[in-house]
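Here is a walk through a two-chain model, from the domains down to single residues. Have the sequence and the structure open while you read.

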Amino acid sequence: MSGASRQGGISFTSVTKRFVNPKGEVMTAIRDVAFTVEPGQFCAIVGPTGCGKSTTLTLTAGLDSPSEGSVRVSGQTVDGLTRNVSFMFQADALLPWKSVLANVSLGPLFRGYSRADAQAKARDWLRTVGLSAFESHYPHQLSGGMRKRASMAAALINEPAILLMDEPFSALDVQTRSIMSNELLQLWERTRPSVMFVTHDIEEAIALADKVIVMTAGPATVKAVYDVDLPRPRGPVQEIRFEPAFLELQRRIWSALREEVEHAYQRSTGGAPAGRSEP
Amino acid sequence: MSENQPLPSPRPTPAAPSIAEINRARARRRRQAVLFGRVAVLVVVLGAWQLGTALKWIDPFFFGSPLGIVLRLAYWFTHGTAYGSFWFQIWTTIEEALLGFIVGVLSGVVVGVLLGEVPFLADVAGPYIKVVNALPRIVLGSIFVMWLGLGLASKVMLAAVLVFFVVFFNAFEGVRSVDRNLVANIRILGASRLQVVRHVIVPSAMSWIIASLHVALGFAIIGAIVGEFLGAQHGLGLVIATAQNTFDANGVFGAMLVIGLLALSAEALMAQVEKRLLAWRPAPAGEPAGRA
């Protein structure tokens, strides 16, 4: 039995997902995808824009079910919403009509904690992400980076076994982005959930992950898997990217990805109809 | 060489007023000018009206006069009307409009959220709602007077129906336009369906609903007054109808003025409520100064 069947492990076995788009056409988002994520492993998924990377996350979360094949989380086939999972989207999923504190305390509240206990727990996490002074602010009153930190606290407060991240930092400017990457790693070290981190940025993927999965242009399937054996804790993301091992990995992954990116680009400009769809 | 020289002190001489002060003074002057303009318009219009009737250029019998209106109102407030004190007529209308508003808003929100959340119901009910909405709903007032009599209930019903449709359509649209990401996220956090409605759907639809409340409040007052027109024992609508039947132009204008003041204060109250309920929203970039 592999580690993927333990708490927090994820395994995809020849998973295909098709959608019917509003025009009634059948689109294949991902085709015959197979990979595993060991418990506590940080796995990055890179691929060309719109190739169906995000579909792997919604399938893991149980927001959607595969057309063929099976998705197993902690050894159990996903059927309905997966328990013990948190999701971070590209757009903030903070509720704009609730204060930062109320937003972060939602997780424990839904788990059945009393309001007071949930808020105490939320205050703990806000202290951890350095937002104690802003607990009564509304999300629109915070900067983009602060909103991301609040989102991370909201996602991690239930101490999920799995953290799913869909290009969570891609809307931030470059500097804020690398700061957020550092903070994410620090938070991740505390509880060590398994992570599936979708991005189109190879540098971000290598700096954060233990394993990088490269997907093909849509319909997406796994093209190659690279193990990142840089030591942990990694330290500042801004510095690690100049190390020779990092550069070598980056070169190898890019050579695998480039073909797919060009393929996807030609298709999007050449107008050849194909099963490209990313919900 | 000149570039390396220390710059002269940038501090302005104390005598010169700062830009902030100049701006403040300019804004103050403008506010005063606007206020003066408004008062001038009022004085000119009322003055011309009063003068016109005094000089018999316009017939005070049909058009009333400002002084006549004031005297008529003073008489009503001190001596009452044929059907009880004037305050009681005002209160009756307020009561009807308020009850109608509450009933209409609550039912509109409940039905709007329900249909927005359950597409099957929306598809089934859709055509009927369109048909009823296309009817001139004011005529329902006649039916309600027949059904419910001359008392409070028929006016409350008419006001509620007018309010319902405004609120319903906004609540429905509001629910339909909820950010699906927020719903997915909160479901993953472990929210039940009811918790999703309570924490995401309703608050998100709230800004739509609140936008409709301004219009709805106006409709509530219209519903109450038209209902009283169609048949009532008390209320400002009855006061107007009676004044009209006795060719009392001053009476019609006087009651109109009272209704206008009523609507304005309700509007001001509504603005306060809106500010409280939507405190979480970022201040809009270009908020128009005088909202209708």
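Which domains does the domain assignment of chain B give? It gives domain 1 (19–58) and domain 2 (67–277), with bounds that come from an automatic or database domain assignment. The C-alpha centres of domain 1 of chain B and domain 2 of chain B are 34 Å apart.

A word on the ground rules. This is a predicted model, where local features need pLDDT of at least 70, side-chain atom pairs count only at pLDDT 80 or more, and totals for chains, interfaces and linings use all residues. Residues are numbered from 1 along each chain as its sequence is written, while chains are lettered from A and ligands numbered from 1 in the order in which they are written.

**Confidence**

The model comes with an ipTM of 0.80 and a pTM of 0.73. For chain B the average pLDDT (the predictor's confidence in each residue, from 0 to 100) is 85, and 91% of the residues score at least 70. Residues 286–292 of chain B are another matter: pLDDT stays under 50 there, and the model has 0 contacts for them beyond four places in sequence. A contact here puts two C-beta atoms, placed from the backbone, within 7 Å. Where pLDDT is low, the predicted coordinates should not be read in detail.

**Chain A: domains and strands**

Chain A also gets two domains from the assignment: domain 1 (1–84 + 171–279) and domain 2 (95–159). Their C-alpha centres lie 27 Å apart, and the contact takes 9 residues from domain 1 of chain A and 7 residues from domain 2 of chain A. On the domain 1 side, these residues divide into 6 nonpolar, 2 polar and 1 charged. For that count, Ala, Val, Leu, Ile, Met, Phe, Trp, Tyr, Cys and Pro are nonpolar, Asp, Glu, Lys and Arg are charged, and the others, Gly among them, are polar.

Now for the strands. Helices (H or I, at least four residues) and strands (E, at least two) are DSSP runs, numbered from the N terminus, and two strands pair if DSSP finds at least two bridges between them. Some of the pairings in chain A look like this:

| Strand pair | Sense | Bridges |
|---|---|---|
| S3(A) and S8(A) | parallel | 5 bridges |
| S3(A) and S9(A) | parallel | 4 bridges |
| S1(A) and S2(A) | antiparallel | 8 bridges |
| S4(A) and S5(A) | antiparallel | 2 bridges |

An open sheet of 4 strands runs in the order S2-S1-S4-S5 (chain A), with antiparallel pairing. Its edge strands are S2 (26–37) and S5 (76–77), each of which pairs on one side only. Between S1(A) and S2(A), Val20(A) has Val26(A) as its bridge partner. The hairpin of these two strands has 5 residues between them, and Gly24(A) takes a positive phi near 95°. Over at the S5(A) edge, Arg72(A) has Thr77(A) as its bridge partner.

S3(A) (residues 42–46) is a different story: 5 of its 5 residues are buried, meaning that 20 or more other C-beta atoms lie within 10 Å of a residue's own (12 or fewer is exposed, in between is partly exposed; C-beta atoms are placed from the backbone). One side carries Phe42(A), Ala44(A) and Val46(A), the other Cys43(A) and Ile45(A). In its pairings, Phe42(A) stands opposite Val195(A) in S8(A), and Val46(A) opposite Val214(A) in S9(A).

**The core and the contact between chains**

Which residues have the most contacts inside the largest nonpolar core? They are Phe197(A), Val163(B) and Ala220(B), in a core of 140 residues. Helix H7 (residues 152–176) of chain B gives the largest share of this core, 16 residues. Such a core is a set of buried Ala, Val, Leu, Ile, Met, Phe, Trp, Tyr and Cys residues joined through C-beta atoms within 7 Å. Leaving out residues up to four places away in sequence, Phe197(A) touches Phe42(A), Cys43(A), Ala44(A) and Ile45(A) of S3(A), along with Met165(A), Leu208(A) and Ala209(A).

Val167(B) sits in H7 of chain B. Why does Val167(B) count as buried? Because Val167(B) has 27 C-beta neighbours inside 10 Å. Beyond four places in sequence, its contacts include Gly104(B), Gly108(B), Gly112(B) and Ala216(B). Leu213(B), 46 residues from Val167(B) in sequence, is 7.0 Å away, C-alpha to C-alpha.

Finally, where the chains meet, the contact takes 18 residues from chain A and 16 residues from chain B. Strand S6 (85–88) and helix H3 (106–110) of chain A each supply at least two residues of the chain A side, which divides into 14 nonpolar, 3 polar and 1 charged.
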